[in-house]
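User: Please take me through this model by question and answer, with the reasoning set out at each step.

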Amino acid sequence: MIRFPTVSIPPHILYPGMIFGLLGMSLTMCTILVITANAGHGAQIEHDYYERSVNWDESQREVQNARMLNWNVDVTITTESPGKIVFTNSAAEPIEGLTAQITLRRPELANELSTTPLTPIPGQPGHYAFAHHPTTRGLLDVTIEGDFADQHIRFERR
């Protein structure tokens, strides 16, 4: 039979050591919590939260109306060149005559990155360009809002 040596820590050292060990772990975890809470962009304040909540039903109705149009919206955003959007209907025909603006927003940020008008690209029906701030790769919320044939439309994409 193999016997392992036993180490006996006297109680006057063991019990205070356990208390200091638990306090040290608690202090370490609280420090990690504070550091991670302050990392990133910090607290975000929604400036127009009340107005958006009051108008939520109307904006969702606009999104539903845009879905009923059955358009295909293809958004391309690169860091080197202006953004590009292609609008086509269900028969893959280009949509012309749209007057709209695009809003780019990061989901984790309260403020939008940019809001710019869409400009038709000459010679390419259904293709629209927009200027935007250089952005890194990542998730974006894209809102396209405007008018087409006396109807207000709103497309939302993530």
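## Burial, sheet, helix and empty space

User: Is Leu109 buried or exposed?
Analyst: The relative accessible area of Leu109 in this predicted model is 18%. The cut-off for a buried residue is under 20%. Leu109, in the loop between β3 (99–105) and β4 (114–117), is therefore buried.

User: How far apart in space are Leu109 and Gly138, C-alpha to C-alpha?
Analyst: Along the sequence, 29 residues separate Leu109 from Gly138. In space, the C-alpha to C-alpha separation of Leu109 and Gly138 is 13 Å.

User: Which strands are the edge strands of the open sheet?
Analyst: The open sheet has 4 strands, in the order β1-β2-β6-β5, with antiparallel pairing. An edge strand here pairs on one side only. The edge strands are β1 (72–76) and β5 (119–120).

User: Which residue of β6 is the bridge partner of Gly83?
Analyst: Strand β2 covers residues 83–88 and strand β6 covers residues 127–130. The two pair in the antiparallel sense over 4 bridges. In β6, the bridge partner of Gly83 is Phe130.

User: What is the distance between the end C-alpha atoms of α3?
Analyst: The helix α3 has 13 residues, and at 1.5 Å a residue the expected span is 18 Å. The model agrees with this expectation, because the end C-alpha atoms of α3 lie apart by 18 Å.

User: What arc around the axis of α3 do Ser59, Glu62, Val63 and Ala66 cover?
Analyst: Ser59, Glu62, Val63 and Ala66 are the buried residues to consider in α3. On the other side of the helix, Asp57, Arg67 and Met68 are exposed. The four buried residues are on the same side of α3 because their arc is only 100 degrees.

User: Which element gives the most to the lining of the largest pocket?
Analyst: The largest pocket has a volume of about 770 Å³. Its lining takes two or more residues from each of α2 (49–54), α3 (56–68), β3, β7 (141–148) and β8 (151–157). With 5 residues, the element that gives the most is α3.

User: How many residues of the lining of the largest pocket are charged?
Analyst: The lining of the largest pocket has 28 residues, with Arg52, Arg105, Thr143, Arg154 and Glu156 nearest the pocket centre. By class, 4 lining residues are nonpolar and 10 are polar. The number of charged residues in this lining is 14.

User: Which element gives the most to the lining of the largest cavity?
Analyst: The structure holds 1 cavity of 30 Å³ or more, and the space in the largest cavity is about 30 Å³. Its lining consists of Val63, Ala66, Arg67, Arg154, Phe155, Glu156 and Arg157. Two elements, α3 and β8, give two or more residues to this lining. The element that gives the most, with 4 residues, is β8.

User: How many residues of the lining of the largest cavity are charged?
Analyst: The classes in this lining are 3 nonpolar residues and no polar ones. The number of charged residues is 4.

User: Does Asn70 count as buried or partly exposed?
Analyst: Asn70 is in the loop between α3 and β1, and its phi is near 60 degrees, a positive value in a residue other than glycine. With a relative accessibility of 44%, Asn70 therefore counts as partly exposed.

User: Is Ala92 buried or exposed?
Analyst: Ala92 is located in the loop between β2 and β3. Its phi, near 65 degrees, is also a positive value in a residue other than glycine. Exposed means over 50% relative accessible area. At 58%, Ala92 is therefore exposed.

Key:
Residues are numbered from 1 along each chain as its sequence is written. This is a predicted model: local features need pLDDT of at least 70, side-chain atom pairs count only at pLDDT 80 or more; totals for chains, interfaces and linings use all residues. Side-chain values use heavy atoms; hydrogens and water are left out. Two strands pair if DSSP finds at least two bridges between them. Buried means under 20% relative accessible area, exposed over 50%, partly exposed in between (1.4 Å probe, protein chains only). On a 1 Å grid over the protein atoms alone, a cavity is a set of points where a 1.4 Å probe fits but cannot get out, and a pocket is an open set with protein on both sides within 12 Å along at least five of seven lines; lining residues have an atom within 4 Å of a point. Grid points are joined across faces, edges and corners, and a volume is the space filled by probe spheres set on the points. Ala, Val, Leu, Ile, Met, Phe, Trp, Tyr, Cys and Pro count as nonpolar, Asp, Glu, Lys and Arg as charged, and the others, Gly among them, as polar. The expected span of a helix is 1.5 Å times one less than its number of residues. The arc is that of the directions from the helix axis to the C-beta atoms.
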